[in-house]
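Please take a moment with the sequence and the model before reading on. The paragraphs below go from the chain as a whole to its nonpolar cores, and then to a few individual residues.

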Amino acid sequence: MATMKFLCDTKRCIECNGCVTACKNENDSALEWGIQRRRVVTIRDGEPGEASISVACMHCSDAPCMAVCPANCFYKTEEGIVLHDKDTCIGCGYCLYACPFGAPQFPKKGAFGSRGKMDKCTFCAGGPEENFSDAERQKYGSNRLAEGKLPMCAELCATKALLAGDAEVVSSIFRERVAYRGADNGAWK
């Protein structure tokens with residue numbers, strides 16, 4: 001089975017935030033106030049060498065969020081997608097601090113009180129509920145992968161900077177782009 005991954009080409013990303021909007025629209029029923037599963041980060045804004053990158057859960061091979069979760073609410077699918085079970089989550093926040101990408105987030109319900117259940121990018125693969133059920137849609141959002149589609153954020157990227165899918169295919173596309181740009185030594189083999 002294929003291992004699914006995201007890759008953002010910083011040479012193509014134009015900071016339009018189309019991926020952010022696409023994710024919000026596709027998963028609207030599952031997102032509580034303050035949750036943003038995908039965001040665009042720009043470094044050196046307005047200066048020479050400016051670069052933007054679309055960031056979400058990277059579905060790590062050795063996910064730190066899985067390693068630190070005391071409730072074992074994280075699990076990995078056959079495709080290598082790191083998902084979580086909101087019913088098991090205790091809201092401790094360990095995953096939030098362990099993730100280098102800032103993917104796990106808590107709803108912003110107020111200044112005081114409990115954080116609630118953690119949320120994160122699901123690669124549009126739903127969750128542990130039955131595929132296409134109302135419960136899955138309400139808790140985790142869209143399950144485009146079960147439909148044979150890629151995540152909406154990557155599908156609607158206007159410049160095709162955000163790539164998603166089989167890691168081998170995504171890597172191959174990126175290698176071709178780097179080689180085409182004239183960086184033969186910069187493309188890994």
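Helices and strands are DSSP runs, of at least four residues for helices and at least two for strands, and they are numbered from the N terminus. With that convention, Asn 17 can be placed in the loop between E1 and H1. The coordinates belong to a predicted model, and what follows should be read with that in mind.

Taken as a whole, the protein chain has 6 helices and 6 strands, and these follow one another along the sequence in the pattern β-α-β-β-α-β-β-α-α-α-β-α. The radius of gyration is 17 Å, close to the 16 Å that the globule rule gives for 189 residues, so the chain is as compact as a globular protein of that length. Along the principal axes, the C-alpha atoms fill a box of roughly 50 × 40 × 30 Å. Among the contacts with a separation of 6 or more, 54% are made by residues 24 or more positions apart.

Turning to the surface and the interior, the accessible surface of the protein chain comes to about 10200 Å², and carbon and sulfur atoms account for 53% of that area. Buried residues make up 44% of the 189 residues. As for charge, the chain carries 24 positive and 24 negative side chains, and the centres of these two sets lie 4 Å apart.

In soluble globular proteins, nonpolar side chains tend to be buried together. Here the largest nonpolar core has 23 residues, of which Phe 6, Cys 19, Ile 81, Phe 123, Leu 145 and Leu 162 touch the most other members. Two or more residues of this core come from each of strand E1 (4-8), H1, helix H5 (152-155) and strand E6 (162-166), and E1 gives the most, with 3 residues. Apart from this core lies another, of 10 residues, including Ala 63, Cys 65, Cys 89 and Met 118.

Which residues does Ile 81, a member of the largest core, touch beyond those up to four places away in sequence? They are Met 4, His 59, Tyr 75, Lys 76, Thr 122, Phe 123, Ala 125 and Leu 145.

Phe 6 gives a second view of the same region, from strand E1. Phe 6 counts as buried because its relative accessible area is 8%, which is under the 20% limit for that class. Leaving aside neighbours within four places in sequence, Phe 6 is in contact with Arg 38, Cys 57, Met 58, His 59, Cys 121, Phe 123, Pro 151, Cys 153, Leu 162, Leu 163 and Ala 164. The C-alpha atoms of Phe 6 and Gly 165 are separated by 6.9 Å, although the two residues are 159 residues apart along the chain.

One of those partners, Cys 153, is found in helix H5 and is likewise buried, at 5% relative accessibility. Outside its own stretch of four places either way, Cys 153 is in contact with Phe 6, Cys 19, Ala 22, Arg 38 and Leu 162. From C-alpha to C-alpha, Cys 153 and Cys 124 are 9.1 Å apart in space and 29 residues apart in sequence.

Cys 124 also appears among the contacts of Asn 27, a residue in the loop between helix H1 (18-26) and strand E2 (39-43); beyond its neighbours within four places in sequence, Asn 27 is in contact with Arg 37, Cys 124, Tyr 140, Gly 141 and Ser 142. Is this loop residue buried or exposed? Asn 27 is buried, because its relative accessible area is 2%.

Other loop residues are partly exposed. Lys 160, in the loop between H5 and E6, has a relative accessible area of 40%, and its contacts outside four places in sequence are Arg 12, Ala 154, Glu 155 and Arg 177. Lys 160 and Cys 13 lie 8.0 Å apart in space, C-alpha to C-alpha, with their positions 147 residues apart in sequence.

Two further loop residues draw attention through their backbone angles. Asn 17 has a phi near 65°, a positive value in a residue other than glycine, and is partly exposed at a relative accessible area of 30%. Arg 44, which is found in the loop between E2 and strand E3 (51-55), has a positive phi of about 55° although it is not a glycine, and Arg 44 is also partly exposed, with a relative accessible area of 49%.

Key
Residues are numbered from 1 along each chain as its sequence is written. This is a predicted model: local features need pLDDT of at least 70, side-chain atom pairs count only at pLDDT 80 or more; totals for chains, interfaces and linings use all residues. Side-chain values use heavy atoms; hydrogens and water are left out. Buried means under 20% relative accessible area, exposed over 50%, partly exposed in between (1.4 Å probe, protein chains only). Contact means heavy atoms within 4.5 Å. The radius of gyration is taken over C-alpha atoms; the globule rule is 2.2 Å times the number of residues to the power 0.38. Accessible areas come from the Shrake-Rupley method with a 1.4 Å probe; for residues, only the protein chains shown count as cover. Lys and Arg count as positive and Asp and Glu as negative; His and the chain ends are not counted. The place of a charge is taken as NZ of Lys, CZ of Arg, CG of Asp or CD of Glu. A nonpolar core is a set of buried Ala, Val, Leu, Ile, Met, Phe, Trp, Tyr and Cys residues joined through side-chain atoms within 4.5 Å.
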